[in-house]
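Please look through the structure below at an unhurried pace, and keep the sequence beside it as you read. The paragraphs that follow go from an open space to the packed interior and then to the cysteines.

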Amino acid sequence: MSANRKPKVATVWLDGCSGCHMSFLDIDERLVALSSLIDIVYSPVVDPKDFPTDVDVTLVEGAVSSEEDLHKIQVIRQRTKILISLGDCAVTGNVPAMRNSYEPAELLARAYVENAQSPDSRQPPTRGLPALRPKAQPVHELVKVDLYLPGCPPPADAIHFVVAELLAGRTPDPSQLTRFGR
Amino acid sequence: MPRQVIIDPVTRIEGHAKITLTLGDDGKLQDALFHVTQFRGFEKFVEGRPLTEMPSIMARICGICPVSHLMASAKACDDLLAVEIPSAADKLRRLMNLAQFVQSHALSFFHLSSPDLILGMDSDPAVRNVIGLIQKFPDRARDGVMLRKFGQQIIEWLGGKRVHPAWVVPGGVNQKLSPQRRDEILAATAEAMKIARRTIDWFKTIVDKYPAEIESFANFPTMFASLVNPDGNWEHYDGLLKFIDSKGKSVVEGVLPRDYDKFIAERVEDFSYLKSPYFKPLGPAAGIYRVGPLARLNCCKRMGYPLADKELDDFRGRAGNPALSSFHFHWARLVEIIAGIEGIQRLLDDKEITSDFVRARARPNRFDGVGISEAPRGTLIHHYRIDGNGQMRWANLIIATGHNNMAMNRGIKQVAERFVDGKKLTEGMLNRVEAVIRTFDPCLSCSTHALGQMPLRIELRDGMGNMVDELCRS
Ligand code: SF4
C-alpha cells in the first residue's frame, strides 16, 4: 500500500445479516487506534453514497442475491485493489443460499401473499426495488476474490489481524483464528 | 412538473433502504416513500428443517440483535414443546437480553446517531460518522465503544461468542453461569452505569437544542404497542401485549402471545419489501402504531428499577406522556440503558442465577407455537407450525422495524415538508430525512427477514417518474 497516504478501506453489506460488520466493531478499543491509520471511505457506518474509484481494501459481507448486489459487486471489484470475502455468507453463500431450493416466486408468495392480510394489495412489491436473482451466490462466483475470511461471523480478532497484516504490507493467513461454520 | 429526489442508500442505519421524495413545481413535497430494498425468504426456506435448528438459523436474520431472534425463536419452540422452562433459564435469558439492549442501544445512539447530534445535522458528511467522532470527541466516542463492549462481553461470557451464540435453546439455555463469571459481570456494571449516567445527563442538556427536529421527526399522534409485565411495568423478554392510543389510554391489554393475530395484520405496499403491520380492529389507516423504546416507555406504568424510574419521570415531564415525537426515541433508549444495567445487577444478585438446572427437555407437543419478546427496536413475533416429526411447515415473522414502517413513512413526509426545499437541495436537508429514520433505529436486515443493510440515495424525479436530478454523498 502506498506509504504517503492513509489506505482507503471500504466495507460493504450485500445479502448478509450485518453480523460480520458487528464483529468488526467488536474489535472495541482497537477501533480507536485503527481509525487514525485508515480512511473508511465507504461503509454502512459512514455517509458517502457512492463507492470511490480507488479503494485499497474492501471487505464484503453477504452473498450476491439481488440484481443490485450483482451490480454493486461488479463496480466494487473494478475499483478495489484487494477484495476480501468477509464471513461465510460471502465465502460460501451460507444462510442466504438456503433459499436456493425454492424459486424466488415461492419465497415472495409466502411473505407477501400468504402471510399478509391486505384487502387491496396481495402482490409481492416491485416498485423501485431490485429483483431477486434466481440463486444467492458466494461472491467469488461472480467476481475475483483476493482473500477469504470465513466464520459466521469471523471473530473480531481475525478481522483485526487481517486488516493489521495488510496495513503492514504482508499477506495475512487467518486460518489459525477462524474457520467455516464457526 | 413534479420532480423526485431519491436518497440511496440511507446510511448509518441497519439495512438496505432508499427514500424517494416527489416535489411539485413549487418545490414543495408531494409524496415521500421509504423503500426497503432487500428480501430474504426465511419464512419459506425454513420449511422441512427440524425445529431444533430454528433459534440458530433465525438468529442469522440479524447480526445486530441476534439475541432477540434467539429469544423469540426459542420461546416459540418452548411453546411447541409445551414446556415451562426452568426459572434459572428464564433469568439467564433475561440477562442476555438486557446485555443486548445495552449494546444495541449504544450502537444506535453513539455509533449511528450521535454524529448528527454532536457534530451537527449540517456538518461535513465526510467526517459525520463514528470515526469522525473518535477524532473530534474521543471521550464521548470511547464511552460508546466501551458501553457497547460491556453488553457484547456479557453475551460472549454467557454464550461463548458475541454474535450468533448458540446458547439459547428450546427448553432453556445450554450452559449455566459460573459464580466466577457472575462476579466478573457484576464488577463491570459499575463502570457501565457511570457511562450511562454521564451520557443521559449530557443528553438532557442538549435535547432542547433541537426544537425543529423534535417538532418534525415523526411527531404525530399514533397508537403505541409493547409488552408489559403482569403489573403493567416495563418488560423486555416476556409478558403481555398492550396497545395504547395517542393520549396514553389503554386500547387493549393482557393480550396473550398466541392471540397476536387477532390484533395485528400486515399490509403489503408495492414500493417496499418491508410489510406494514397495523392494528387490525381499526384497519390500516387508523391502526398505525409505533413500537420500540419510545413505545415501551409510553405503555408501561413504571420501569420497575429505581434509577430508571427517576429518569422515566424526568422523561415524561419534558418529552410528554405519551411522548409523541420520534426524536425522543434517542432519549428513551438512554433510559432503557439505565434500566438494562440495573436489571443486570438485580439478576446477578439473585442466587438462582448460578443454578445448575437450566434446561427442560421435551418432544414437540403442539403443532402451532408463538414466541414474542421485545427486541431493542420493539416487539418481535415468531410464529411456527410443525408436523408430527418436529419439522417446520410454516413460519410467520413480524419484526420490530416492520411495526414502525407506516410511522417511518409518515415521518419522512413530515420532515421533508419541513426541511426540504426543492428549489435548492442541501445535504443537511437530506441528512435530516435520513436522521428521522435513524431515530427509529430500524433494523432492515430483520425487517424483510432479509439479510442486509440499508443504503440511501436521493433522486429527483418528475411527475412521470423520470429522473431529473440525483444527489449522492461522496
Ligand atoms: S456470515 Fe454469519 S454473521 Fe456474517 S452475514 Fe452471514 S449470517 Fe451474518
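How many nonpolar, polar and charged residues does the lining of the largest pocket have? In this predicted model, that lining is made up of ten nonpolar, three polar and nine charged residues. The pocket itself has a volume of about 540 Å³, and among the 22 residues that line it, those closest to its centre are K75(B), D79(B), V83(B), D238(B) and P257(B). Three elements of chain B, namely helix 3 (66-81), helix 4 (87-119) and strand 12 (368-375), each supply at least two residues of this lining.

Helix 4 of chain B also leads us to the interior, where it gives 17 residues to the largest nonpolar core, the most of any contributor. In soluble globular proteins, nonpolar side chains tend to be buried together. Here the largest such core holds 175 residues, and F203(B) and Y384(B) have the most contacts inside it. Because domain 1 (3-38 + 410-473) and domain 2 (84-219 + 326-361) of chain B both give residues to this core, the core lies between them.

Finally, consider the cysteines of chain A, two of which can be described by how much of their surface is accessible. C17(A) has a relative accessible area of 9% and is therefore buried, since buried means under 20%; C152(A), at 9% relative accessibility, counts as buried too. A disulfide is a covalent bond between the sulfur atoms of two cysteines. Over all chains, the structure holds zero disulfides.

Methods:
Residues are numbered from 1 along each chain as its sequence is written. Chains are lettered from A and ligands numbered from 1 in the order in which they are written. This is a predicted model: local features need pLDDT of at least 70, side-chain atom pairs count only at pLDDT 80 or more; totals for chains, interfaces and linings use all residues. Side-chain values use heavy atoms; hydrogens and water are left out. A disulfide is a pair of cysteine sulfur atoms within 2.5 Å. Buried means under 20% relative accessible area, exposed over 50%, partly exposed in between (1.4 Å probe, protein chains only). On a 1 Å grid over the protein atoms alone, a cavity is a set of points where a 1.4 Å probe fits but cannot get out, and a pocket is an open set with protein on both sides within 12 Å along at least five of seven lines; lining residues have an atom within 4 Å of a point. Grid points are joined across faces, edges and corners, and a volume is the space filled by probe spheres set on the points. Helices (H or I, at least four residues) and strands (E, at least two) are DSSP runs, numbered from the N terminus. Ala, Val, Leu, Ile, Met, Phe, Trp, Tyr, Cys and Pro count as nonpolar, Asp, Glu, Lys and Arg as charged, and the others, Gly among them, as polar. A nonpolar core is a set of buried Ala, Val, Leu, Ile, Met, Phe, Trp, Tyr and Cys residues joined through side-chain atoms within 4.5 Å. Domain bounds come from an automatic or database domain assignment.
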